[in-house]
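Please look through the sequence and the model below before reading on. The report that follows takes up a few of its features in turn.

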Amino acid sequence: MTVLWVLARSAYESRLQYTASHAVRTVASIIFGMIYISIWQGIGEQHELEGYGRDGMVAYMAFNQVILWMTFTSHGLGLEDRVRTGQIATDLIRPVHLFTFSAGREAGSTAYNVLFTALPLYILYALIFGLPVPTDPAVWLRTLVALFMAAYTGICISYCIGVTALWTMESRWFSLLNYSLSFVLSGFLMPIAWMPGWLQTISRLSPYPVFNDIPTRTYLGLAAPAALVAPLVWCALLSLACVAATSAVRRKVEVQGG
């Protein structure tokens, strides 16, 4: 745990050097969020928005925008660049597992995003759009657990994408594909329940609802406690995938003579 703390703190402090740049990103996120919310406000004037209603849909989109940067990760956790420079060989002989090392560094970036992007967005949307604030401690607890698992799932997927650089030397397109699928299948753009049946099936069989649909519906009190089972299963499966990927990376580096 000490190693994780040191890695996370180091990444967090490095991000503090670019506060002005990230402030611009936060402003852009606020603007895009307002655009999405305004669109659904307009649609809600003419349609019932079954299951949510106008105000409920505004809250759904607002909270989705708040948590967006909690699940966004750096491309491949930076592993592609470390492969290009050969730093990956040094990383593999560290007394820390490569996944632990990479995840710890990314955790610091995630903490920075929470404090400097997600939290300001949450306060702003609560004031402007009346984003509801749960009064039940159990709802808050389940929401925090769901958000933690969402962030961890994002880190695991990005790690698996990053290690593919050992074979392709260019894994960035995997990240772009992952982001595209996430926007569609996570429930970020619209509730999964509104999707066509075949797309709902694909979405629910994927890990992407862990990012937005489950945390947001949990926060709004629309999801039962059992909804957290799926994220837990995906965290376990993806953890195993990360361990297996690291084992494959070690063999790959040895074959290359590193």
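## Helices, surface and cysteines

At a relative accessibility of 56%, Leu141 counts as exposed, since the cut-off for that word is over 50%. Leu141 has its place in helix H7, which covers residues 137-163. Its C-alpha atom is separated by 9.8 Å from that of Thr218, although the two residues are 77 residues apart along the chain.

These values belong to a predicted model, and they should be read with that in mind. The protein has 258 residues, of which 47% count as buried. Its secondary structure comes to 12 helices and 0 strands, so that, read from the N terminus on, the order of elements is α-α-α-α-α-α-α-α-α-α-α-α.

Helix H6 can be described in more detail. This helix takes in residues 98-128, which makes 31 residues, and it reaches 43 Å from its first C-alpha to its last, a span close to the 45 Å expected at 1.5 Å a residue. Within H6 there is a kink of about 40 degrees, and this kink is centred on Val114. After H6 comes Gly130, a residue whose phi is positive, near 70 degrees.

On the surface, a nonpolar patch is formed by Val27, Ile31, Phe32, Ile35, Ile39 and Ile43, which together have about 520 Å² of accessible area. One of these residues, Ile35, lies in helix H2, which covers residues 19-46. Ile35 counts as partly exposed because its relative accessible area is 43%, and this value lies between the limits of 20% and 50%.

The cysteines raise a question of their own: how many disulfides does the count come to? The count comes to 0 disulfides, and the table gives the distance for two of the cysteines, together with their relative accessible areas.

| Cysteine | Closest cysteine sulfur | Sulfur distance | Relative accessible area |
|---|---|---|---|
| Cys156 | in Cys242 | 4.0 Å | 0% |
| Cys235 | in Cys156 | 6.6 Å | 9% |

A disulfide calls for two cysteine sulfur atoms within 2.5 Å. The sulfur of Cys156 is therefore too far for a bond, because the closest cysteine sulfur, in Cys242, is 4.0 Å away. The sulfur of Cys235 is likewise too far for a bond, because 6.6 Å separates it from the closest cysteine sulfur, which is in Cys156. As for their surroundings, Cys156 counts as buried because its relative accessibility is 0%, and Cys235 is also buried, with a relative accessible area of 9%.

Notes:
Residues are numbered from 1 along each chain as its sequence is written. This is a predicted model: local features need pLDDT of at least 70, side-chain atom pairs count only at pLDDT 80 or more; totals for chains, interfaces and linings use all residues. Side-chain values use heavy atoms; hydrogens and water are left out. Patches are made of residues with over 30% relative accessible area and no salt bridge: like charges are joined within 9 Å, nonpolar side chains (Val, Leu, Ile, Met, Phe, Trp, Tyr) within 5 Å. Accessible areas come from the Shrake-Rupley method with a 1.4 Å probe; for residues, only the protein chains shown count as cover. A salt bridge is a side-chain nitrogen of Lys or Arg within 4 Å of a carboxyl oxygen of Asp or Glu. Helices (H or I, at least four residues) and strands (E, at least two) are DSSP runs, numbered from the N terminus. Buried means under 20% relative accessible area, exposed over 50%, partly exposed in between (1.4 Å probe, protein chains only). The expected span of a helix is 1.5 Å times one less than its number of residues. The bend at a residue is the angle between axes fitted to the seven residues ending there and the seven starting there.
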